[in-house]
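User: I am learning how descriptive terms are justified for a protein model. Please explain, term by term, which value stands behind each of them.

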Amino acid sequence: MSKTKTKQSKPAAKARKTGIETSPRMSGSDILIASLEREDVDTIFAYPGGASMVIHQSLTKTGKIRTILPRHEQGGVFAAEGYARATGKVGVCMATSGPGATNLISGIADAYMDSVPLVAITGQVPQAMIGKGAFQETDFFGMTLPIVKHSYLVTDIDDIPRIVNEAFHVAQSGRPGPVVIDVPKNIQLSETRPVFVKEPKLRGYRPDKKADDVELNEIIGLIEQSERPILYVGGGIISGEASGELRKFAKATGIPVTSTIMGCGVFPETEPMSLRWLGMHGTAYANWAVNGEFENGRKVADGADLLLAFGVRFDDRVTGRVDKFCENGTIVHLDIDPSEINKNKPANLPVISDVKYALGRLNAMIRKQPIRRKFTKWQKQITTWKEKAPLQYGVTEEALNSQHMRDHMNGDADQLILPQHVIELLYELTKGDAIITTGVGQHQMWAGQYYKYKRPRQFLTSAGLGAMGFGYPAAMGAKAGCPDKEVVDIDGDGSFLMNIQELATAKIENIAAKAVVLNNQHLGMVVQWEDKFFEGNRGNTYLGDPEHPEGIYPDYVQMCKGFSVPCERVMFKRDLRAALKRMLAAKEPYVLDVITPYTEHVLPFIPAGQTVKEMIWK
Ligand SMILES: Cc1ncc(C[n+]2csc(CCOP(=O)(O)OP(=O)(O)O)c2C)c(N)n1
Ligand SMILES: [Mg+2]
């Protein structure tokens with residue numbers, strides 16, 4: 001006994017001195033879990049199989065990590081992303097080799113597109129079988145190469161602690177992103193005395209870039225010369241934890257703010273100087289503020305002469321035809337990732353920097369020497385635009401003539417539930433404080449438009465990849481990470497169905513994630529494009545039962561019953577408020593199936609590849 005004690009205390013003493021900690025002999029899978037514990041992982045979404053069950057055995061021994069069993073690996077990886085997006089910590093998921101691993105791919109791609117810190121661990125066939133077409137072998141390292149920030153195939157058990165330590169560092173530093181760790185089964189089973197590392201040493205990886213004062217002074221100089229500056233800010237402000245600095249900067253300078261969808265909440269959307277988000281379905285006033293206002297193809301007012309693009313990537317859903325985007329403005333592009341600079345839109349002043357540092361330093365500079373230029377006229381123009389073109393909706397002729405109206409409403413148009421109204425009511429009942437997740441489609445755009453976000457990490461949506469099926473698992477992950485917050489998935493019927501199995505996870509794990517399904521019985525966003533560009537010809541966009549179009553299919557109430565999850569269907573407006581209240585009062589997973597007309601179109605709308613000139617906004 002005492003002998004063992006001395007043996008253990010020596011490494012401990014060494015660890016204190018060197019930061020390196022050694023242990024007794026352990027299996028590779030135990031070392032993997034011990035390494036995760038050292039990264040303060042508290043939750044892992046993991047689905048077992050032949051090549052990863054040994055790691056699950058190790059997970060049963062940890063008292064520190066909660067293992068959540070999703071019912072599909074895609075649900076697991078989206079949940080890990082929801083956890084990461086809501087908490088700011090690294091999301092962790094795990095799957096077995098082959099089909100388990102390939103089921104993670106959409107989530108890894110999603111994390112890559114939206115810069116979400118994620119560590120995805122996969123079991124791999126034993127090293128001796130790699131390349132032999134072994135049962136459940138896929139080259140996961142190779143398959144994921146274009147969609148990871150970094151990846152590892154473990155080839156030596158002694159590398160596990162270093163690899164895990166590096167993976168977490170890489171995933172969350174600089175521009176965050178997904179990291180894959182593929183662990184062959186023989187390595188999980190073999191043993192060694194691990195040496196745990198605390199600080200990663202990665203030659204050539206310098207994520208901590210900081211702008212110098214000369215560059216920042218140039219920005220201030222450009223602001224002093226400008227008349228119509230706009231801050232165009234994105235997810236980089238959230239991952240860079242720079243929302244506080246941004247708010248100060250906007251307030252001190254008086255520069256109006258528009259965000260990307262990824263940036264929702266970085267600047268309170270209720271503020272007069274918030275233009276909400278811009279782009280294809282962004283507000284008309286944000287799009288005018290950047291590009292100028294047009295009437296019948298003629299410019300009637302100028303847009304920004306200075307665009308401060310901070311932590312954004314000029315995504316095509318934002319810019320439309322990119323050469324016309326902010327055509328007459330000077331563009332300052334500040335980002336931590338040099339590969340974003342000049343990728344989509346040439347910058348007049350490129351600045352590579354951590355955005356929190358840059359904004360903090362800019363704030364210090366303007367505290368010392370305040371900006372002299374006032375933008376009163378410009379701010380007035382913004383107010384006028386906001387009054388002229390607020391987000392709006394109403395019962396349309398198409399809705400009145402719809403099948404939905406005939407089949408379900410008995411001609412009572414007052415009882416129609418418009419999807420936008422559902423979200424406004426949810427906003428009211430949650431006091432604008434809930435974490436909202438979404439699927440992909442019209443409901444996603446309305447969830448962005450009609451819920452006003454006041455803080456970062458409040459609107460979690462698959463923006464870059466646009467992955468249907470994201471909403472409910474992401475809500476589950478967010479709720480697991482933030483149990484004290486109300487988390488509501490505003491979903492579409494198509495998207496919700498794609499990962500509906502996660503209701504079982506939520507139920508069994510007691511994760512009270514709620515879902516409001518805006519059920520239009522259609523793939524609404526595709527229908528909208530069919531209406532606009534294909535004369536309404538339906539190409540496999542109806543989700544109901546064509547034999548019984550008067551009914552609602554599938555029956556979510558029945559399905560939820562199978563999962564022992566309460567679910568209500570709401571057909572009439574008069575029932576909506578009380579139903580939402582019941583859902584919010586529930587302390588368990590809960591689904592509201594809200595039937596809405598399929599005739600609504602998301603407005604404003606700038607068709608893909610076009611410009612603000614072509615924007616339809618009323
Ligand atoms: C995984 C996946 N498949 C297909 C698409 C293409 N797509 C984009 S929106 C959409 C319709 C989504 O329908 P639903 O979830 O019911 O939302 P709605 O538009 O009706 O609100 C489709 C099929 C996608 N984004 N993701
Ligand atoms: Mg739908």
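**Terms and the values behind them**

Analyst: This is a predicted model. On its surface, Y112, M113 and L465 make up a nonpolar patch, and together they have about 240 Å² of accessible area.

User: What makes M113 eligible for such a patch, and where does M113 lie?

Analyst: A patch residue needs over 30% relative accessible area. M113 has 31%, so this value passes the cut-off. M113 belongs to helix α6, which covers residues 105–113.

User: Why are α4 and α6 called roughly parallel?

Analyst: Helix α4 (residues 73–87) packs against α6 at an angle of about 25°, and their axes are 7 Å apart. Angles under 35 degrees count as roughly parallel, and therefore this term applies to α4 and α6.

User: Which residues meet where these two helices pack?

Analyst: From α4 come Q74, V77, F78, E81 and R85, while α6 contributes S106, G107, I108, D110 and A111.

User: How do you know that E81 and R85 form a salt bridge?

Analyst: The cut-off is a side-chain nitrogen of Lys or Arg within 4 Å of a carboxyl oxygen of Asp or Glu. For E81 and R85 the N to O distance is 3.1 Å, so the pair qualifies. In general, side chains of opposite charge can pair when their charged atoms come close.

User: Why are E81 and R85 said to be about one helical turn apart, and are they buried or exposed?

Analyst: They are 4 residues apart in helix α4, which means a separation of about one helical turn. Both E81 and R85 are buried. E81 and R85 also belong to a network of salt bridges that includes D110 and D114.

User: What makes the pair R175 and E340 a link between distant parts of the sequence?

Analyst: Their closest N and O atoms are 2.8 Å apart, and the two residues form a salt bridge. R175 is in the loop between α8 and β8, and E340 is in the loop between β17 and β18, so the pair ties together parts that are 165 residues apart in sequence.

User: Why is R175 called partly exposed but E340 buried?

Analyst: Buried means under 20% relative accessible area, and partly exposed lies between that value and 50%. R175 has 22% and is therefore partly exposed. E340 has 4% and is therefore buried.

User: How many salt bridges are counted in the model?

Analyst: The count comes to 33 salt bridges. Among them is the one between E428 and R577, with an N to O distance of 2.9 Å. E428 lies in helix α19 and R577 in helix α26, so this pair ties together parts that are 149 residues apart in sequence.

User: Why is G411 called exposed, and where is G411 found?

Analyst: Exposed means over 50% relative accessible area. G411 reaches 57% and therefore counts as exposed. G411 lies in the loop between α18 and α19.

User: What is notable about phi in F314 and E535?

Analyst: F314 has phi near 50°, a positive value in a residue other than glycine. E535 likewise has a positive phi of about 50° although it is not a glycine.

User: Are F314 and E535 buried or exposed?

Analyst: F314, at 2% relative accessible area, is under the 20% limit and is therefore buried. E535, at 78%, is over the 50% limit and therefore counts as exposed.

Note on methods
Residues numbered from 1 in each chain as written. Chains lettered and ligands numbered in written order. Predicted model: local features only at pLDDT ≥ 70, side-chain atom pairs only at ≥ 80, totals over all residues. Heavy atoms only, no water. Patch = residues over 30% accessible without salt bridge, like charges linked within 9 Å, V, L, I, M, F, W, Y side chains within 5 Å. Areas by Shrake-Rupley, 256 points an atom, 1.4 Å probe, with all protein chains shown as cover. Buried < 20%, exposed > 50% of the residue type's maximum accessible area, 1.4 Å probe, protein only. Axes fitted to C-alpha atoms, helices over the stretch in contact; angles between N-to-C directions. Parallel < 35°, antiparallel > 145°, perpendicular 65-115°, else oblique. Contact = heavy atoms within 4.5 Å.
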